[in-house]
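Work through the following exercises with the model open beside the text. Each task is followed by a solution that proceeds step by step.

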Amino acid sequence: MNWSSSSKRFLTLGISETLTPKPAISKVTNEQNDASSPSKPNVNYDIQKPISPSHLAQDDPKLTPQDLIYSSIPSTSATNPTSPPSNTSIEVCECILTLHAKNALESIPDFPHPILRPSKPAVRIATSRKGGLGMFAARPLRAGDLLFSERPMLVCPQKIPLKLQLLGGSVTDEELAKVVLYEREMLMQESCRRMSKDARDAYMALVSSHAEDGSGPIVGRQRTNGYRFKLPCKSLNSSDSMTQTEDYSGVCDMGARINHSCRPNSTRTFHEPSFSFQFYAVRDIRQGDEITISYVEPLLSTPDRQAALRPYGFQCKCSSCQHPRRSDERRKSILQYVPEYHTVMWALRNQAGSGPGVKTIVKRIQAQLDLIKGEGLQTTSRFGEHLVVLYVVHRWIGKEKKAKSYEEMARRWAIAKGSDLERELARISREGLALPSSSG
Ligand SMILES: [Zn+2]
């Protein structure tokens, strides 16, 4: 499609691919380490609201809440001298935020909070059998244990709106994509310039798997290593409630070292008060085992996962990828299972737990749990839901020992997902299944 020169286009400076880290498989070459700007695309265009540092000054009276500003989230170690030492020396985060998001963060009392740390170091970085560096368990870990927390080095919005005006000729989609990447690189160059030398060196030491597609050195690394997360946005009118969120991408130093698996043993959550990612174990991990995370939607079929992983430039060799037929059948069954909250609640109320209805449903859920464990998919919300349902059902039928065991597993799962058991119980309750009233 060609766009005529006279038309003005509202261009979304967004990256459509999943933004998750890539393993440090290849060494950083000199070429990749070159932070020089890419040349401006050969398209005659102008942007109505140019994004240059002078337009990102917060005191500009013409700024609207959706406009972007550069912001530095400071280190909190100075304000919390009792905090154990950091995993990483980089705690100042350079951000490109909307005024809306900045306003929401500033409304958090005592922002930014100290970063949560495990009582003793849980992980270490070493050479991985997958190639390059990886992260490993420094001690035996249990599901729900905090591995580490990290404030990202650099944060930018997933989408940056631009009003682009073509000044002559026409432009193809491919040329337009180059404009988008170029403008994004220019925007992020200022963030990199604001970083400390240590942070900038750490950022440029990351691998870029987008060196050949028109991404500049900074955007390439962000697209390869960025973790997606949401920030609330708060209207500048403080009486409005905080309901909307915006999508951001954050690049971590340590977090970027975690390699991919379709059977991940860790998960991450973004903690707004400390402006940090928290990484948790989702199942028990032996000392020395590699920590893994999924870069793609884990319930996809093997061919779909492999296609989604292609931009990262490696092929997954996990046991699910090596036995795709069996794995795809199991993942399909996990995906197709329809939760039976109302049915199980009805069975519990009408049969007091002794009838075959409850037993049958419990067996079905336990079979689902086994499938999920077999596929190493404890990160999925289905795993947590099943644990909560089994906890509730066992409370109803008076099997206290089993109830306690499921309660503990559900509690640990909820922590790893940045939630808590009470919130998960409330969610299940809204779906029609609640604890017996004597349980409170
Ligand atoms: Zn795999």
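**Exercise 1. Decide whether Asp110 is buried or exposed, and describe its backbone setting.**

Asp110 has 9 C-beta neighbours inside 10 Å and therefore counts as exposed, given that a residue is buried if 20 or more other C-beta atoms, placed from the backbone, lie within 10 Å of its own, exposed if 12 or fewer, and partly exposed in between. The structure is a predicted model, in which local features need pLDDT of at least 70 and side-chain atom pairs count only at pLDDT 80 or more, while totals for chains, interfaces and linings use all residues. Residues are numbered from 1 along each chain as its sequence is written.

Next, place the residue: Asp110 is found in the loop between H2 and S5, where helices (H or I, at least four residues) and strands (E, at least two) are DSSP runs numbered from the N terminus. Its phi is positive, about 60°, although Asp110 is not a glycine. Pro112 also has its place in the loop between helix H2 (99-106) and strand S5 (123-127), and the peptide bond from Phe111 to Pro112 is cis, with omega near -5°. As background, most residues other than glycine have a negative phi, and most peptide bonds are trans.

**Exercise 2. Determine where Phe275 is found, and whether it is buried or exposed.**

Phe275 is found in the loop between strand S13 (266-271) and strand S14 (276-281). Its phi, near 45°, is a positive value in a residue other than glycine. Because 24 other C-beta atoms lie within 10 Å, Phe275 is buried.

**Exercise 3. Check the span of helix H11 against its number of residues.**

H11 comprises 16 residues (residues 381-396), and the expected span of a helix is 1.5 Å times one less than its number of residues. The helix should therefore span 22 Å, and its end C-alpha atoms are 23 Å apart, which agrees. As for its surroundings, 14 of the 16 residues of H11 are buried. After the helix comes Gly398, with a positive phi near 75°.

**Exercise 4. Describe how H11 packs with H12.**

Start with the geometry: H11 and helix H12 (residues 400-416) pack at an angle of about 150°, with their axes 8 Å apart, the axes being lines fitted to C-alpha atoms over the stretch in contact and the angles running from 0 to 180 degrees between N-to-C directions. H11 is therefore roughly antiparallel to H12, since angles under 35 degrees count as roughly parallel, over 145 as roughly antiparallel, 65 to 115 as roughly perpendicular and the rest as oblique.

Then turn to the residues: those of H11 that meet H12 include Phe383, Leu387 and Tyr391, and among their counterparts in H12 are Tyr406, Met409 and Trp413, contact meaning that C-beta atoms, placed from the backbone, lie within 7 Å. By class, the contact of H11 with H12 has 11 nonpolar, two polar and three charged residues, where Ala, Val, Leu, Ile, Met, Phe, Trp, Tyr, Cys and Pro count as nonpolar, Asp, Glu, Lys and Arg as charged, and the others, Gly among them, as polar.

**Exercise 5. Repeat the analysis for H11 and H13.**

The axes of H11 and helix H13 (residues 421-430) come within 10 Å and cross at roughly 80°, so the two helices are roughly perpendicular to each other. Gly384, Val388, Val389 and Val392 in H11 meet Glu424, Leu425 and Ile428 in H13. This contact has five nonpolar, one polar and one charged residues.

Key. Contact = placed C-beta atoms within 7 Å.
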